[in-house]
Amino acid sequence: MMMVGPPGAGKTLLATCMPGLLGNTSPTKAFELALIRDLLGLEFEAGRPFRAPHHSTTGVGLIGGGRTACPGEASLAHGGVLFLDELPEYPRAVLDLLRQPLESGEVCISRARGVFHYPAAFQLIAAMNPCPCGYAGDDSNECCCSASTVRRYQARVSGPLMDRIDLHVGLERQTAATLLATETDGASSDAVRCRVNGTQIRQLERQGTLNAGLSGGALLCHCAMDQTVQRWFEGVSDQLQLSGRAIHKTLRVARTLADMAQEEEIGEVALLEALSYRSRLPQ
Ligand SMILES: [Zn+2]
C-alpha cells in the first residue's frame, strides 16, 4: 500500500496499526523469523514484526548481503510490515532491490560459496507527501512548490516499484475536531482483525492461497464475473489504457473486496473501488 498525504494526515500512525490488524502469523513464518533474528544475534520477539528502516539505509541494510551474506530489513519484516516513510528520499537503486522479495517473498544473495535464500514475505507500506513542502492539494495550507518541482518529486518513485503496489490511497490532514472527537464511526481494531481473518479463511478454503498468490489462469478462474460486468470492465480498461499487469492487479483487489463483502462474484462496485486504488502519480 502507498499512502500519499500532507504532514499530520496520520500516515505513520496508520502504518503502525497494520501488524495488529493482520492477526496471528503462521507458526512456520514465526519460526522462520525467529531463525533470521537469531542469525543476526537479535532476541526473539513475539507477534508480527514492524520494520521502518530510515531512508539513509543501504541496499545491504534493506535486503541483506555484505561479506557474511546476512539477512536485511526485508527479512526482519518477514510475516509483518516493512514501512518506508518519505519514499522519494530513498535512493532509486535501493528501492529497486525490493522488486525481487515483493514478487517471490524471498531474497537470494549470490556468493562464491553458494546462493543464500532468506524468506522475506512482508506487507510493504510506503508513505509520501504529495510534494516537497507537503501541502499540494491541501485546502488550508498553501503549497509553495512549482509545478515542475512537484512533477520531479513524484517522478522519483514512479516506475517498476510503484507498478507492484496494489493500493494507492490519498489521505487528508485531520482537523482538530476529528482528533478530539470521542465518538468515531470507524470500526475497532478487533472488528477489523475479525474481518481480515474471515476474508483470509474464505480465500484459503476456495483456492489454497491468499488472493495475493493468485496469478495468470488461476486468477482469471477465481475472478468470475457476470457477462455484462465483464464487457463493461473490458471497455473501462481500454478507456483507461490499463496495462496487462494493471488489469490483473485490479481484478485481484476486486476479488478481495468481493471476499470482504462475502460475495461469490465480482460486481461493478468492487471493480470501481479497486480502480480507485490505482496510482495517480505520473508514470
Ligand atoms: Zn508543495
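Eight residues of domain 1 are in contact with nine residues of domain 2, and this boundary is where the tour of the predicted model begins.

**The two domains**

Select residues 2-180 as domain 1 and residues 189-276 as domain 2, and colour them separately. Taken over C-alpha atoms, the centres of domain 1 and domain 2 are separated by 24 Å. On the side of domain 1 that touches domain 2, helix 1 gives the most, with three residues. The class composition of that side of domain 1 is four nonpolar, two polar and two charged residues.

**Helix 1 against helix 10**

Next, select residues 11-21 for helix 1 and residues 189-207 for helix 10. The axes of helix 1 and helix 10 lie 9 Å apart, and the two helices pack at an angle of about 55°. Helix 1 is therefore oblique to helix 10. The crossing of helix 1 and helix 10 is right-handed.

Show the side chains at this crossing. From helix 1, display Cys-17, Gly-20 and Leu-21; from helix 10, display Ser-189, Val-192, Arg-193 and Val-196, which the helix 1 residues meet. Sorted by class, the contact of helix 1 with helix 10 comprises four nonpolar, two polar and one charged residues.

**Pro-19 within helix 1**

Remain on helix 1 and select Pro-19, which lies in this helix. Is Pro-19 buried or exposed? Pro-19 counts as buried because it has 20 C-beta neighbours inside 10 Å. Setting aside neighbours within four places in sequence, the contacts of Pro-19 are Gly-47, Arg-48, Phe-50, Gly-80 and Val-81. Add Leu-82 to the selection and draw a distance between C-alpha atoms: Pro-19 and Leu-82 are 9.9 Å apart in space, although 63 residues apart in sequence.

**Helix 10 against helix 13**

Return to helix 10 and add helix 13, residues 244-260. The axes of helix 10 and helix 13 come within 9 Å and cross at roughly 115°. Helix 10 and helix 13 are therefore roughly perpendicular to each other. The crossing of helix 10 and helix 13 is right-handed.

Which residues meet at the contact of helix 10 and helix 13? In helix 10, select Arg-195, Thr-199, Arg-202 and Gln-203; in helix 13, select Thr-256, Asp-259 and Met-260, which these meet. By class, the contact of helix 10 with helix 13 holds one nonpolar, three polar and three charged residues.

**Two loop residues with positive phi**

The last stops concern backbone geometry. Most residues other than glycine have a negative phi.

Select Gln-241, in the loop between helix 12 (227-239) and helix 13 (244-260). Phi of Gln-241 is near 55°, a positive value in a residue other than glycine. Gln-241 counts as exposed because it has 7 C-beta neighbours inside 10 Å.

Finally, move to Ala-69, found in the loop between strand 3 (64-65) and strand 4 (70-71). What is the phi of Ala-69? The value is near 50°, which is positive in a residue other than glycine. Ala-69 has 16 C-beta neighbours inside 10 Å and therefore counts as partly exposed.

Conventions:
Residues are numbered from 1 along each chain as its sequence is written. This is a predicted model: local features need pLDDT of at least 70, side-chain atom pairs count only at pLDDT 80 or more; totals for chains, interfaces and linings use all residues. Axes are lines fitted to C-alpha atoms, for helices over the stretch in contact, and angles run from 0 to 180 degrees between N-to-C directions. Helices (H or I, at least four residues) and strands (E, at least two) are DSSP runs, numbered from the N terminus. Angles under 35 degrees count as roughly parallel, over 145 as roughly antiparallel, 65 to 115 as roughly perpendicular and the rest as oblique. A crossing is left-handed if the near helix is turned anticlockwise from the far one by less than a right angle, and right-handed if clockwise. Two residues are in contact if their C-beta atoms, placed from the backbone, lie within 7 Å. Ala, Val, Leu, Ile, Met, Phe, Trp, Tyr, Cys and Pro count as nonpolar, Asp, Glu, Lys and Arg as charged, and the others, Gly among them, as polar. A residue is buried if 20 or more other C-beta atoms lie within 10 Å of its own, exposed if 12 or fewer, and partly exposed in between; C-beta atoms are placed from the backbone. Domain bounds come from an automatic or database domain assignment.
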